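Hi there,

Here is the structure I promised to pass on. Please have a look at it, and below I describe what turned up.

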Amino acid sequence: MRGLAVTKAAALCAATAFVAAMGPASASPAAAPASSGRAAVQQVRPTVLVDCLSKPQVRPVDFMLACGDGNSRLASLRWARWDAASAEAKGVNRVNDCKPYCAAGTFHSYRVVVRLDEPRSWKKDPQQKHYTRMTLTYTGDRPERLARTVTYTLWN
């Protein structure tokens, strides 16, 4: 009698395990093909701003404009927008007046609105989009010999 009880208990456990394993599978939709499953998991990468060291940046607080000598940089950037098509921030352009020469010059701060746009594939990583144009609009004083709005082509 004891052997029959053990056999019934084992059969009941096996049946319960089988039902538990099959229940969720029969309740779930058919599996998608492997290729569409990978596409669903792949995340969209944000458009980036490439810095002087060829590093991708997203919403940087500071950004060097004059890579060769460091005499112009953006600082205290506060991004209001950053999407696939464009980005916009307010901040400060710190510019060396190079008077009497750059090593002895003085840095001055000018408030700017920064706009990034014209995204293209990045040569270093063709799957990655990067902004290729930067427009600075000075909202108050501006450096000598610069227009109120200046547009730069960014490096690739």
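The accessible surface of the protein chain comes to about 10,500 Å², and carbon and sulfur atoms hold 59% of that. Of the 156 residues, 28% count as buried.

Please keep in mind that this is a predicted model. The mean pLDDT of the chain is 82, with 72% of the residues reaching 70 or more. Residues 1–35 have pLDDT below 50, and this stretch has 0 contacts in the model beyond near neighbours in sequence.

Now to the fold. The chain has 2 helices and 8 strands, and from the N terminus the two helices come before the strands. An open sheet is formed by 6 of the strands, in the order β3-β4-β5-β6-β7-β8, with antiparallel pairing. Its edges are β3 (63–64) and β8 (149–153), each of which pairs on one side only. At the β3 edge, 2 bridges link this strand to β4 (residues 72–82), and Phe63 stands opposite Leu74 in β4.

Leu74 turns up again in the largest nonpolar core, a group of 20 residues. Along with Trp79, Val114, Leu116 and Met134, Leu74 is among those with the most contacts inside this core. At least two core residues come from each of β4, β5 (87–96), β6 (107–122) and β7 (125–138). Val114 is worth a click: leaving aside residues up to four places away in sequence, its contacts include Leu74, Trp79 and Met134, as well as Glu88 and Thr135.

Finally, among contacts with a separation of 6 or more, 40% join residues 24 or more positions apart.

Happy browsing, and best wishes!

Definitions and conventions:
Residues numbered from 1 in each chain as written. Predicted model: local features only at pLDDT ≥ 70, side-chain atom pairs only at ≥ 80, totals over all residues. Heavy atoms only, no water. Pairing = 2+ DSSP bridges. Helix = DSSP H or I, 4+ residues; strand = E, 2+ residues; numbered from the N terminus. Core = buried A, V, L, I, M, F, W, Y, C linked by side-chain atoms within 4.5 Å. Buried < 20%, exposed > 50% of the residue type's maximum accessible area, 1.4 Å probe, protein only. Contact = heavy atoms within 4.5 Å. pLDDT = per-residue confidence, 0-100. Areas by Shrake-Rupley, 256 points an atom, 1.4 Å probe, with all protein chains shown as cover.
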